[in-house]
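Thank you for making the time this morning. I would like to walk you through a structure that may be new to you, and I will ask you to keep the picture in view while I talk.

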Amino acid sequence: MSSPQWKPIPPSKGDGPAFERPLGITEEGFYWDSVFNRTADILRHAEVLIQGDSVLSVTNVTKAWAALKEHYPLLRATIDERSQDDVVFVVDPSQSLPDYQTDLFFEEAHSPEEVDHRVESLLNGQSPLSNTLLACIVVVKRIDDPNHAHILIHSAHCISDEIAHDTLLRELLQLLVEPGAISPVPWTERLALGVATETLPPYEDNSLPKSRWRRAIGRTIMENRRARMTGGHTLPRAVSSNTFYKPAQSRSASSSFTVQESKQILQTCRDHKLTFGSVLPMIGQLAMGRVLCSRYLKGQMSEAEWEFRKTEPMINAGPLNLRPLSDSHWYRAGGATNVSLSIGFYFYQLPIVPLGLAAELSPGLPLPSHFDMLPKSHFFHRSRMMKKRVTDYIRHPLFFYMNTAYLPPRLTRLKGVSMHWRNNKEEEVDQGPFLTPQEEASSNFVFNFGGATLGNLDKVLPWEYRSPNEGATAIELLKVRSFLHCRPTELYLGASTFREKLKFHLFWDGHVYDADIVHHWLAELMETTRVYLCGDVAEGKA
């Protein structure tokens with residue numbers, strides 16, 4: 001595969017520079033996701049309090065968005081799919097958007113619920129994104145509360161990730177109150193930061209023989225590790241052999257802790273030399289185990305299925321921020337916060353669900369306490385094991401190439417699904433008979449859930465944005481939420497802290513998972529976190 005680097009091309013109109021480059025393998029994977037009914041597109045929803053009508057005027061927002069596109073050229077890139085094996089980014093400022101497209105929308109809503117419906121529509125079939133429009137902004141002013149407004153930043157995942165959205169939101173709000181907040185730099189210089197992560201190895205010696213050796217050994221290590229991952233299970237769901245060919249119906253839910261609870265939770269993690277990201281897989285598994293056990297005890301699960309789930313391991317997955325793990329020169333030059341895609345993935349196998357006393361119970365009996373299922377000391381021991389496993393993976397000398405080893409077969413699979421849907425999307429997908437959890441596990445490995453934390457957003461998103469001339473707060477950032485267009489069968493658990501409140505974010509495929517079961521899991525996630533990480537809860541058994 002050729003190295004994805006920019007090369008000059010003739011502009012489509014007039015004079016001026018224009019460039020193109022092939023998509024990197026991670027970018028191309030997300031491109032083929034987008035072909036599949038805009039799967040994996042991401043959205044950042046910010047609720048703001050504004051002072052003055054001019055802040056979100058058409059003129060002011062247009063100027064701010066133009067400055068961002070100049071500073072982050074991938075925002076105005078297009079994608080040219082020349083063949084299944086030849087897909088390129090094109091950045092050509094002389095080429096304007098088609099007449100039927102715009103990348104700025106100004107709308108009104110009469111309630112927060114109307115805004116939520118607008119978000120839902122963007123994620124489920126009414127997205128304006130396409131190969132000629134990879135990012136847009138929707139500004140929604142509230143008729144019922146004129147000082148409140150909502151800003152929706154919507155982008156293709158092949159040019160962005162959550163760190164990119166942090167950058168876009170922060171700098172957009174700053175530009176709205178201070179037009180000169182970003183120092184002007186020729187976009188051709190900034191374009192050099194928008195390269196595929198696979199071209200940014202962190203090694204001093206990147207000679208061809210060394211790179212080939214690292215790639216081969218990294219691939220062998222990962223193939224051996226993945227071969228040991230078999231089976232798995234998740235929440236009860238409706239899946240058939242054809243489910244993967246039906247675009248997901250993205251659904252979401254969230255729940256927040258109080259400021260005091262959030263402080264207790266994060267302090268408990270620090271006391272045990274853990275981050276909240278380190279304990280998230282265990283919290284998710286424990287909460288899921290309690291949902292499954294509750295259903296069995298209520299007679300909602302067969303004996304055969306329960307016996308299978310009691311002894312079946314779980315497989316967890318999630319994204320990794322590759323920016324600090326890539327080329328240090330690129331990182332320091334602006335790659336740390338650049339609007340581009342720079343993520344990898346981790347996969348690891350969790351032990352079986354900890355059931356404790358629940359393992360021997362029969363239907364009709366009450367659900368045991370958390371500590372009767374897993375003592376607190378065991379919870380922290382398992383969390384430290386998970387932390388060590390992920391840390392060892394990231395610190396492995398060949399991590400950079402290990403992380404890309406599974407991408408070629410993933411890309412082949414994504415292309416196949418997307419091309420099948422493109423060629424047959426007018427036909428209704430025949431679901432066929434649904435698979436039992438045992439049948440799912442026998443045919444492939446099953447993720448219990450994907451997930452990651454966005455960390456403490458208070459460190460990267462100021463709450464207030466002041467006009468340098470007047471000194472008064474012109475914009476106050478009240479709430480922030482992230483959304484994604486789910487893949488078929490996806491169940492995703494995210495977490496973040498904003499305004500000192502820790503929040504869980506759930507995303508799932510509504511065609512596959514029952515909303516009541518997912519909300520039950522969310523309630524158990526909240527309670528499990530309080531039990532193990534809030535200081536005022538009794539220790540229970542040692």
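I will go through two sheets, a pair of helices and a few residues in loops. Please bear in mind throughout that what you see is a predicted model.

Let me begin with a sheet that starts early in the chain. Six strands form this open sheet, and if you read across it the order is S6-S7-S8-S3-S14-S13, with mixed pairing. At its edges stand strand S6, residues 104–109, and strand S13, residues 464–466, each of which pairs on one side only. On average, and with direction ignored, neighbouring strands in this sheet are turned by 25° against each other. Against the sheet packs helix H3, residues 112–123, which touches S3, S6, strand S7 (135–142), strand S8 (148–155) and S14, and whose direction makes about 160° with that of S3.

It helps to look at two of the pairings in that sheet, since they run in opposite senses. As general background, strands of a sheet pair through backbone hydrogen bonds, either parallel or antiparallel. S6 and S7 pair in the parallel sense, over 6 bridges, and within that pairing Glu108 has Lys141 of S7 as its bridge partner. Strand S3, residues 42–50, and strand S14, residues 473–484, pair in the antiparallel sense over 9 bridges, and here Val48 finds its bridge partner in Leu477 of S14. As for S7, 7 of its 8 residues are buried, so this strand is largely enclosed by the rest of the structure.

Now please turn to the other sheet. This one is also open and has 6 strands, in the order S9-S16-S15-S12-S10-S11, again with mixed pairing. The edges are taken by S9 and strand S11 (343–352), and each has a single partner strand, so one side of each is left without a neighbour in the sheet. The average turn between neighbouring strands, direction ignored, is 20° here.

Within this sheet I would draw your attention to strand S16, residues 501–509. How many of its 9 residues are buried? The count is 8 of the 9, so S16 is largely enclosed by the rest of the structure. With strand S9, residues 250–256, S16 pairs in the antiparallel sense over 7 bridges, and Ser250 has Asp509 of S16 as its bridge partner. Strand S15, residues 491–498, also runs antiparallel to S16, and the two are joined by 8 bridges, with Leu506 of S16 serving as the bridge partner of Leu493. S15 and S16 form a hairpin with 2 residues between the strands, and in that hairpin Arg499 takes a positive phi near 50°.

From the sheets I move to a pair of helices. The axes of helix H12, residues 376–395, and helix H16, residues 515–533, come within 10 Å and cross at roughly 105°, and the two are therefore roughly perpendicular to each other. On the H12 side the contact is made by Lys376, Phe379 and Phe380, and on the H16 side by Val531, Tyr532 and Leu533. Sorted by character, the residues of this contact divide into 5 nonpolar, no polar and 1 charged.

Finally, let me take you to the loops. Ser160 has its place in the loop between S8 and helix H4 (162–177); is this residue buried or exposed? With a relative accessibility of 1%, Ser160 counts as buried. Its side chain reaches the backbone oxygen of Ala156 at 2.8 Å, and, leaving aside neighbours within four places in sequence, Ser160 is in contact with Ile42, Ser155, His165, Ser340 and Leu341.

Leu341 comes up again in the loop between helix H5 (187–190) and helix H6 (208–227), where Thr197 lies. With neighbours within four places in sequence again left aside, Thr197 is in contact with Leu322, Ser326, Leu341, Ser342 and Phe400, and at a relative accessible area of 6% Thr197 is buried. Thr199 lies in the loop between H5 and H6 as well. Its relative accessible area is 19%, and Thr199 is buried because the cut-off is under 20%. The side chain of Thr199 is joined to that of Gln5 by a polar contact of 3.4 Å.

Conventions:
Residues numbered from 1 in each chain as written. Predicted model: local features only at pLDDT ≥ 70, side-chain atom pairs only at ≥ 80, totals over all residues. Heavy atoms only, no water. Axes fitted to C-alpha atoms, helices over the stretch in contact; angles between N-to-C directions. Helix = DSSP H or I, 4+ residues; strand = E, 2+ residues; numbered from the N terminus. Parallel < 35°, antiparallel > 145°, perpendicular 65-115°, else oblique. Contact = heavy atoms within 4.5 Å. Nonpolar A, V, L, I, M, F, W, Y, C, P; charged D, E, K, R; others polar. Pairing = 2+ DSSP bridges. Buried < 20%, exposed > 50% of the residue type's maximum accessible area, 1.4 Å probe, protein only. Polar contact = N/O pair within 3.5 Å; in protein donor to acceptor, adjacent residues only side chain to side chain.
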